[in-house]
Amino acid sequence: MPTVQSRLDSHRRDAAKAVKILQKARTDAFKDRGYQSAPTRAKLRNEFLERNNGMIAHEWQIDMGEALLLGLDCSWIAGTGAGKTMPFVMPLFVESDKIIIIISPLNALEVDQASRFRKMGLSAVAVNGDTYSNEIHKEIQEFKHRVIITSPDMCLEHDKFRQLLNTPAFAKKIAAFVIDEAHCISQWGDEFRTEYAELGTLRAFVPLKVPFMIASATLPPLVLAEVRKSLHISTDTAYHDNLGTDRPNIAWFVHHMKGAKSDLEALEFLIRTRGSENAIIELVQSMVFFDDINLAMEALEHLRDLLPPHLRGSIALYHSRRSKRSKQIIMDKFRKGEIKILLATEAAGMGCDIPHVEQVVQFMVPSSFSIWMQRAGRAGRNTLIAARAILLVQPSVFQEVAPKKGTEPTDDVNFKKAVETGLREWIETEECRRDVVDEYFDNGTPRKGFFFLQYTLG
């Protein structure tokens with residue numbers, strides 16, 4: 001297809017440009033301070049190996065870590081589970097006295113990342129409304145933590161913490177700001193969490209040479225441009241790597257529902273039985289996403305009613321209204337496999353790194369293609385798992401609305417349920433849905449084979 005070849009050619013040019021930008025930064029650093037690239041990259045590679053139980057770093061992880069060390073703004077697109085979190089902290093392998101500030105959208109994600117970095121031997125702390133205390137503030141002030149995972153509102157609206165970041169002594173210790181799940185700047189910045197749209201003001205807190213990195217699995221071209229503009233990232237001087245969003249071990253399904261919110265029967269496939277007498281119920285490790293907490297509660301009750309009493313605890317509900325302790329217990333049980341089916345809202349979505357999730361289900365079409373891809377990406381984090389992502393589509397998505405009387409006829413078709421153009425194309429296509437994903441998200445990396453199944457069910 002000409003469009004595919006054109007897209008790949010464009011990305012090859014972008015990759016060549018990134019190589020030149022990185023090489024220029026190396027040359028400038030050599031002239032300024034005698035920087036040596038080869039031993040620095042060897043240090044990054046060896047430290048990565050030692051801190052991750054023998055795991056070997058990808059060259060693109062080394063490239064990104066070096067780019068941050070050299071003070072380059074960076075933008076990075078990679079599918080969920082690709083390993084894009086690791087380079088966030090790699091500058092600390094070389095400059096151990098520095099501090100990395102990671103901006104994260106959810107408290108649970110902050111805590112999870114802090115735990116992962118501590119396992120790598122780095123002092124890390126999550127700073128949010130749930131964890132912040134005078135004791136933690138004092139520890140940060142005394143430079144006892146090298147990785148600080150926090151939120152936009154803590155950086156911009158919490159007076160005491162914002163003042164700390166803005167002090168010259170602290171600011172000069174900051175090696176980089178990392179904006180994780182950077183699509184939230186576009187997705188949330190207008191109304192939901194307006195502080196995301198103001199993250200560019202963090203530039204004023206630190207010296208000009210402190211780089212900013214943006215990372216996400218879902219940054220289509222227009223969103224990427226918007227995020228770069230918001231954070232004052234210039235494409236002429238920033239290092240950019242697009243590994244694509246493809247997840248070859250996920251099979252994609254579309255299931256036509258019989259109704260909308262009332263069609264809880266559409267979820268009954270989650271509870272599988274074998275045989276007619278003394279049926280054996282098999283529960284596959286699953287996440288089921290809802291955009292309405294009350295609806296999720298109804299679904300929980302419906303599914304539990306279908307199970308024998310001893311299995312009802314295998315299904316649970318995770319949402320923002322639950323207490324901090326309750327959310328921790330539920331997620332821990334899900335991680336251990338004690339809970340098999342987790343019904344969830346967005347609160348359990350981004351950054352949920354549980355490798356053995358076999359399937360993700362979205363109950364009714366979400367508001368955007370990016371949201372669906374983010375949620376579906378919770379499946380198959382262990383790339384050896386043959387995972388599934390199932391979108392349950394309500395009838396209104398396909399129901400056409402007749403034009404109003406007296407209006408001029410057009411070729412445009414209006415539907416009862418408005419769906420983002422890219423997502424509608426993904427739902428309706430009779431070709432490979434992965435092609436639609438590649439086009440929409442401007443993927444520039446040739447796909448890897450695993451299996452190429454897609455189905456429209458029911």
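A strand here is a DSSP run of E with at least two residues, numbered from the N terminus. I note that the model is a predicted one.

**Entry 1: Q359**

I looked up Q359 and found it in strand β14, which covers residues 359-363. Is Q359 buried or exposed? Its relative accessibility is 1%, and buried means under 20%, so I put Q359 down as buried. I then checked what its side chain does: it makes a polar contact with the side chain of S286, at 2.9 Å. Leaving out residues up to four places away in sequence, I listed what Q359 touches: F269, L270, R272, V284, Q285, S286, M287, A379, R388 and I390. S286 is thus in the list of residues touched as well as being the polar partner.

**Entry 2: nonpolar cores**

I went next to the largest nonpolar core, which has 42 residues. Which of its members touch the most other members? I wrote down V89, I102, F117, V147, M213 and Y239. Helix α3, residues 59-69, gives the most to this core, with 6 residues. I took V89 as a sample: beyond its neighbours within four places in sequence, V89 is in contact with I100, I102, F117, M120, L122 and V147. There is also a second, separate core, of 39 residues, and I noted I77, V127, I174 and V210 among its members. As background, nonpolar side chains in soluble globular proteins tend to be buried together.

**Entry 3: helix α14**

I looked up which residues of helix α14 (421-428) are buried, and got G422, L423, R424, W426 and I427. What do these buried residues pack against? I recorded two helices, α13 (369-376) and α15 (433-440), and three strands, β8 (250-256), β15 (387-393) and β17 (414-415).

**Entry 4: the cavity**

I had the whole structure searched for cavities of 30 Å³ or more, and the search finds 1. The space in the largest cavity is about 130 Å³. I counted 15 lining residues for the largest cavity; those nearest its centre are T245, D246, R247, W252 and M373. Elements giving two or more residues to this lining are β8, α13 and α15, and α13 gives the most, with 3 residues. I sorted the lining by class and got 6 nonpolar, 6 polar and 3 charged residues. I also noted that β8, α13 and α15 appear among the elements that the buried residues of α14 pack against.

**Entry 5: positive phi**

I checked two residues that have a positive phi although neither is a glycine. N53 has a phi of about 55° and lies in the loop between α2 (37-51) and α3. N53 has a relative accessible area of 80%, and the cut-off for exposed is over 50%, so I entered N53 as exposed. E181 has a phi of about 50°, and I found E181 in the loop between β5 (174-179) and α9 (184-188). Is E181 buried or exposed? I entered E181 as buried, because its relative accessibility is 5%.

**Entry 6: T194**

I looked up T194 last, and placed it in the loop between α9 and β6 (212-216). T194 counts as partly exposed because its relative accessibility is 37%, between the cut-offs of 20% and 50%. I also took the separation of T194 and D153: 41 residues in sequence, and 9.2 Å in space from C-alpha to C-alpha.

Definitions and conventions: Residues are numbered from 1 along each chain as its sequence is written. This is a predicted model: local features need pLDDT of at least 70, side-chain atom pairs count only at pLDDT 80 or more; totals for chains, interfaces and linings use all residues. Side-chain values use heavy atoms; hydrogens and water are left out. A nonpolar core is a set of buried Ala, Val, Leu, Ile, Met, Phe, Trp, Tyr and Cys residues joined through side-chain atoms within 4.5 Å. Buried means under 20% relative accessible area, exposed over 50%, partly exposed in between (1.4 Å probe, protein chains only). Helices (H or I, at least four residues) and strands (E, at least two) are DSSP runs, numbered from the N terminus. Contact means heavy atoms within 4.5 Å. On a 1 Å grid over the protein atoms alone, a cavity is a set of points where a 1.4 Å probe fits but cannot get out, and a pocket is an open set with protein on both sides within 12 Å along at least five of seven lines; lining residues have an atom within 4 Å of a point. Grid points are joined across faces, edges and corners, and a volume is the space filled by probe spheres set on the points. Ala, Val, Leu, Ile, Met, Phe, Trp, Tyr, Cys and Pro count as nonpolar, Asp, Glu, Lys and Arg as charged, and the others, Gly among them, as polar. A polar contact is a pair of N or O atoms within 3.5 Å; within protein, one must be able to donate a hydrogen and the other to accept it, and residues adjacent in sequence count only if both atoms are side-chain atoms.
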